[in-house]
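Work through the following exercises with the structure open beside you, and try each task before you read its solution.

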Amino acid sequence: MQPLDATDTRLLLALARDSRRTVVALAQKLGLSRNTVQARMTRLEKNSTFLSFERRINPAALGYPLTAFINVHVDQRKLGSITGQLAGIPEVLEAHGLTGQADILVRVVSVDAEDLFRINGKILACDGVERCDTSLAMHELIPYRMEPLLERGSAE
């Protein structure tokens with residue numbers, strides 16, 4: 001991935017603060033030409049700087065108000081297969097390979113506690129999964145954010 005310069009960072013910060021701005025509005029806000037903003041936006045998109053829009057959809061709006069984090073302990077030789085099986089469970093929002101006690105950290109959403117029990121069972125049924133430790137998220141204390149990093153980058 002190509003490193004971002006100060007102008008890229010300023011552009012991303014403006015988008016983070018108001019993602020609905022047009023290219024023209026961004027150009028005016030940043031004191032750049034429309035063509036410069038458009039070219040940078042195209043390059044940033046091509047370089048996979050932007051994540052998918054689906055990350056902004058609230059699962060609660062879809063009827064999944066509970067979030068849980070599941071530490072999954074696996075047979076390492078079956079990690080690839082397990083990853084594919086986890087991807088087949090719709091309630092699995094993301095999974096990360098870990099160092100330490102657990103092998104995979106899985107973020108899931110559910111309708112209620114009974115549904116979470118069902119989802120946990122589906123994960124346990126994956127060939128190569130040895131055990132799971134589930135933690136229910138009580139409240140999101142710090143939502144996903146990028147502004148502090150962008151602010152730091154634009155100040156440097």
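The exercises below concern a sheet and the helices that pack on it, in a model that is predicted.

**Exercise 1.** Work out in which order the four strands of the open sheet lie, and which strands stand at its edges.

*Solution.* Begin with the pairing, which is antiparallel, and read the strands across the sheet in the order β2-β3-β1-β4. Next, look at the two ends of that order: β2 (92–97) and β4 (129–136) each have a single partner strand, so one side of each is left without a neighbour in the sheet. Finally, follow the twist, which averages 25° from one strand to the next.

**Exercise 2.** Describe how β3 is joined to β1 and how β3 pairs with β2.

*Solution.* Take β1 (residues 66–74) to start with, which runs antiparallel to β3 (residues 104–110) and is joined to that strand by seven bridges. Within this pair, Phe69 stands opposite Arg107 in β3. Then turn to β2, which pairs with β3 over five bridges, again in the antiparallel sense, and here Val92 stands opposite Val108 in β3. The last step is the connection: β2 and β3 form a hairpin with six residues between them, and in the turn Gly100 has a positive phi of about 100°.

**Exercise 3.** Find which strands helix α5 lies across, and at what angle to β4 this helix runs.

*Solution.* Locate helix α5 at residues 113–124, and trace the strands that this helix lies across, namely β1, β3 and β4. Then compare directions, and you will find that helix α5 runs at about 155° to β4.

Definitions and conventions. Residues numbered from 1 in each chain as written. Predicted model: local features only at pLDDT ≥ 70, side-chain atom pairs only at ≥ 80, totals over all residues. Heavy atoms only, no water. Pairing = 2+ DSSP bridges. Axes fitted to C-alpha atoms, helices over the stretch in contact; angles between N-to-C directions. Contact = heavy atoms within 4.5 Å.
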